[in-house]
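Here are my notes on this one, as numbered points. Have the structure open while you read.

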Amino acid sequence: MADDILIAQDSGEEVVRGSRRANPMDVHVGTRVRLRRMLLGMSQEKLGEHLGLTFQQVQKYEKGVNRIGASRLFDLGKVLGVPVQFFYDEAPSGVQTTGNAIAGFAEQPGESYVVDFLGTREGLELNKAFARISDPKVRRSIVDLVRSLAGEES
């Protein structure tokens, strides 16, 4: 039974071999794929067509269930119009593999909630609609309204 347990290098967390738990970096990369696809207004099916995949495979990539290989990530970057580095931007500090930083030392405060929000359909629709408002006073009023509804003082 002891042979069935692996220790994750960075987190010290025990992971059972063969468990279907997604790797945090795979989840992050998948989230970035989904974010970019949604910002372009592209469906999973259309992205799959460009890559020669089914929409189910794209779905698995976006959820981090299936790992994206280097050549596929390169192809995704070309189709989505971003450099490969885009998929690793804003990776959680405990997941980054640069080796330059040690967790806990001079970490930047996370802004991942913005990416998480824009990754939702509501967040994307709200952002697109807000960006189309040209009157700065109306935009300011909307920000004040949302802050008020959220119980935040301006």
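1. Start with the overall order: along the sequence the pattern runs β-β-α-α-α-α-α-α-α. That comes to seven helices and two strands. Keep in mind that this is a predicted model.

2. Some whole-protein numbers. Of the 154 residues, 23% are buried. The exposed surface is about 11100 Å², with carbon and sulfur atoms supplying 53% of it. If you take the contacts between residues at least 6 apart in sequence, 56% of them join residues at least 24 apart.

3. Helix 2 is worth a look. It spans residues 44-51, and its buried residues are Gln44, Leu47, Gly48 and Leu51. Those residues sit on the same side of helix 2, because they cover an arc of only 100° around the axis. Turn to the face pointing away from that buried side and you'll find Glu45, Glu49 and His50, which are exposed.

4. What does the buried side of helix 2 pack against? Its partners are helix 1 (24-39), helix 3 (55-63) and helix 4 (70-80). Right after helix 2 comes glycine 52, with a positive phi near 75°.

5. Next, the pairing of helix 1 with helix 3. Their axes are 6 Å apart and the packing angle is about 120°. Angles of 65 to 115 degrees count as roughly perpendicular and those over 145 as roughly antiparallel, so helix 1 is oblique to helix 3. Helix 1 brings Asp26, Val27, Gly30, Thr31, Val33, Arg34 and Arg37 to the contact, while helix 3 brings Tyr61, Glu62 and Lys63. By type, the residues of this contact split into five charged, three nonpolar and two polar. If you want to go through the side chains there, Arg34 and Arg37 on helix 1 and Glu62 and Lys63 on helix 3 are among the ones to display.

6. One backbone oddity to check. Most residues other than glycine have a negative phi. Glutamate 90 isn't a glycine, yet its phi is positive, at about 60°. Where does glutamate 90 lie? You'll find it in the loop between helix 4 and helix 5 (112-118). Is glutamate 90 buried, partly exposed or exposed? Its relative accessibility is 45%, and exposed would need over 50% while buried means under 20%, so glutamate 90 counts as partly exposed.

Terms used: Residues are numbered from 1 along each chain as its sequence is written. This is a predicted model: local features need pLDDT of at least 70, side-chain atom pairs count only at pLDDT 80 or more; totals for chains, interfaces and linings use all residues. Side-chain values use heavy atoms; hydrogens and water are left out. Buried means under 20% relative accessible area, exposed over 50%, partly exposed in between (1.4 Å probe, protein chains only). Helices (H or I, at least four residues) and strands (E, at least two) are DSSP runs, numbered from the N terminus. The arc is that of the directions from the helix axis to the C-beta atoms. Contact means heavy atoms within 4.5 Å. Accessible areas come from the Shrake-Rupley method with a 1.4 Å probe; for residues, only the protein chains shown count as cover. Axes are lines fitted to C-alpha atoms, for helices over the stretch in contact, and angles run from 0 to 180 degrees between N-to-C directions. Angles under 35 degrees count as roughly parallel, over 145 as roughly antiparallel, 65 to 115 as roughly perpendicular and the rest as oblique. Ala, Val, Leu, Ile, Met, Phe, Trp, Tyr, Cys and Pro count as nonpolar, Asp, Glu, Lys and Arg as charged, and the others, Gly among them, as polar.
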